[in-house]
Amino acid sequence: MMMNVPLLVAPLLERAEKYFAKKEVVSRTATGIQRFTYRQIGERTRRLASVLTQLGVQKGERVGTLAWNHHRHLEAYFAIPGIGAVLHTINIRLSPEHITYIINHAEDQVLLVDEDLWPLVEAIKDHLHTVKTFIVMTDYEELPETSLEHTRVHSYEKLLEKGDPTFAFDKDLDENAPAGMCYTSATTGNPKGVTYTQRSIVLHCMALGLVDTLALSESDIAMAVVPMFHVNAWGLPFAATWFGTTQVMPGPRFTPQLLAELIQQEKVTTTAGVPTIWLGMLQVLEAGNYDISSLRNIVCGGSAAPRGVIQAYETKYGVPFLHAYGMTETSPVVTCARLKSYQQDLSPEEKLDISAKQGLVVPGLEIKVVGPNGEVTPDGQEMGELLIRGPWIADEYYKDERSSEAFIDGWLHTGDVATIDEEGTIKLVDRTKDLIKSGGEWISSVDIENALMAHEAVFEATCIGVPHPEWAERPVACVVLKEAYRDKVTKDDLLSFIAPHFAKWWLPDDIIFMNEIPKTSVGKFLKRQLRDQLNQHLQQS
Ligand code: ADP
């Protein structure tokens, strides 16, 4: 028999303190770039943990964070689970109503808030029923103006001065106790809470380190662009700390230029974010003189990575693109698209086909694709809903009746429609609600988007179903052209460009040129809003 040692979050940081004390966290904050060693991060984290204890935070209670990616947020990532409390990262881009809802629903006791996000809290403070203490994370001496009583609002740095740098983390914890929490970015209804356990966070970190997964290692300089306020920045801050990886944190309100600069200056080797980030950076790279050759890869997920983007990074800049798939409910990494050894000799086009799919399930998880009656679909043939199970997959939403819709018989029903080919590679066809049903047949909006985005004039493209009297629904595409091509490229140019790839009935009935495609709080195309806009547009025309 083996030792039953609980898997806890605090020892991940302790390892960095002990073995990688000299290695750095490079943190961009409101006043510039600051550098901390893991020794300093360790001491500051212990101070924060002691302060939270002094403030009366109990095991199991939620501490909320409203913050960008920087060293103070990293300290909260370890201090909160380190005292057995629950790190509740709050998506700063949700509506004030949703933010109020989730803070109240999670019953947050303390809120750690970035200074520039303070106005957001100020606006909703009277509706927050459980928060006893606010801590402002600021570089400045003065706290922002507030109409809250001063005793409830503290400065992070001043509190840390009073904290204990030798504070011992709580090791007497159940590995299945809650350690983190994140609400889904809800496009309909209230956000749903997902609770991560001490154990699930550690196991997910292990998966991130596997060579055939993200291969995150001590020798990396990792920059998570994906926000720490959503799904733990894909677990990267936890794993990078554990492995002693140098971390670069891009801080508040970064631009694509700033990301390119940070990659160049800090010699970032791996970075991760949603496709819209990499699309934006491509434009900067095309215009400017940045050297991004230090990158060994770019990890891209959250929505389908467009083929054209993968191709541009790989061929123009020599940076491999690693496409991954996951959800808030799955910690998030479920699959990543790496070529198998015997696929390395395929043609560039065939390889691109594989990289543009979502990939193979990572070790530790199980997946299946099921048809409408729950039957497992034969490999590579039919599409169906993707189901997942495993030790870092949620099995309920926090205090939410909607749990029974997604968690059935030990499987998470993702609401994503996928196929699996004979190699086991998953291809996400669409979200159930975004598939376009035309005359009894399904059209994948994602495939059409991908094809359009491969055109050199197209900056962004999305495709949605609009009601049609005869066919039930028909696809209509919305396209944002790159500046240089505006007024030069027509609908017909785009339609003939994608026509060879599709059956005729798959081609969009219309292409609407826009200045911008509305996006969700995490940078995905907001298709619900587009559908409403287009419906109005069609009714008026
Ligand atoms: P987050 O992206 O932050 O996890 P959600 O949990 O709201 O936010 O979104 C999860 C959904 O995003 C998935 O169910 C899937 O529809 C979509 N998604 C994530 N990664 C990919 C990907 N690589 N390709 C296509 N869709 C993806």
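The exercises below, each with a worked solution, concern a predicted model.

**Exercise 1. Classify the ring pair of Trp242 and Phe243, and state whether each residue is buried or exposed.**

Solution.
- Step 1: A pair of aromatic rings is described by the distance of the centres and the angle of the planes.
- Step 2: A search of the whole structure returns 10 aromatic pairs. Among them is the pair of Trp242 and Phe243, with 5.6 Å centre to centre and 20° between the planes.
- Step 3: Planes under 30 degrees apart count as stacked, and the pair of Trp242 and Phe243 is accordingly stacked.
- Step 4: Buried means under 20% relative accessible area. Trp242 has 16% and is therefore buried. Phe243 also has a relative accessible area of 16%, so Phe243 is buried.

**Exercise 2. Describe the ring pair of Tyr313 and Phe321, then place both residues in the largest nonpolar core.**

Solution.
- Step 1: The rings of Tyr313 and Phe321 lie 5.4 Å apart, centre to centre, with 25° between the planes, and the pair is stacked.
- Step 2: Both Tyr313 and Phe321 are buried.
- Step 3: The largest nonpolar core has 152 residues. Tyr313 and Phe321 are listed with Phe238, Trp278, Leu386 and Leu452 as the residues with the most contacts inside this core.
- Step 4: Helix α11 (residues 275-287) supplies the largest share of this core, 7 residues.
- Step 5: Leaving aside residues up to four places away in sequence, Phe321 touches Trp278, Ile298, Cys300, Ala305, Val309, Ile310, Tyr313 and Glu314.
- Step 6: A second core, separate from this one, has 26 residues, including Trp68, Ile102, Val121 and Leu128.

Phe238 also appears in a ring cluster: ring pairs link it with Tyr77 and Phe78.

**Exercise 3. Find the strands that are joined to β20, and give the direction of each pairing.**

Solution.
- Step 1: Strand β20 covers residues 411-420. Of its 10 residues, 9 are buried.
- Step 2: Strand β18 (residues 384-389) is joined to β20 by 4 bridges, and the two run antiparallel. Ile388 has Leu412 as its bridge partner in β20.
- Step 3: Strand β19 (residues 407-408) is joined to β20 by 2 bridges, again antiparallel. Here Ile408 stands opposite Trp411.
- Step 4: Strand β21 (residues 426-431) is joined to β20 by 5 bridges, and this pairing is antiparallel as well. Thr419 has Lys427 as its bridge partner in β21.
- Step 5: Now take the turns. The hairpin of β19 and β20 has 2 residues between the strands, and Asp409 in the turn has a positive phi of about 50°. The hairpin of β20 and β21 has 5 residues between the strands, and Gly424 takes a positive phi near 90°.
- Step 6: Trp411 has a further neighbour: Arg389 lies over the face of its ring, at 5.7 Å from the ring centre.

**Exercise 4. Why do the buried residues of α16 line one face of the helix, and what covers them?**

Solution.
- Step 1: Helix α16 runs over residues 491-498, and Leu494, Leu495 and Ile498 are buried in it.
- Step 2: Seen down the axis of α16, the buried residues fall within an arc of 100°, so they line one face.
- Step 3: An α-helix has 3.6 residues a turn, so residues three or four places apart point the same way.
- Step 4: The elements covering the buried residues of α16 include α15 (445-453), β24 (458-468), β25 (472-481) and β26 (510-513).

Key
Residues numbered from 1 in each chain as written. Predicted model: local features only at pLDDT ≥ 70, side-chain atom pairs only at ≥ 80, totals over all residues. Heavy atoms only, no water. Phe/Tyr/Trp six-rings, centres within 6.5 Å; stacked < 30°, edge-to-face > 60°. Buried < 20%, exposed > 50% of the residue type's maximum accessible area, 1.4 Å probe, protein only. Lys NZ or Arg CZ within 6 Å of the ring centre and 35° of its normal. Pairing = 2+ DSSP bridges. Arc of directions from axis to C-beta. Contact = heavy atoms within 4.5 Å. Core = buried A, V, L, I, M, F, W, Y, C linked by side-chain atoms within 4.5 Å.
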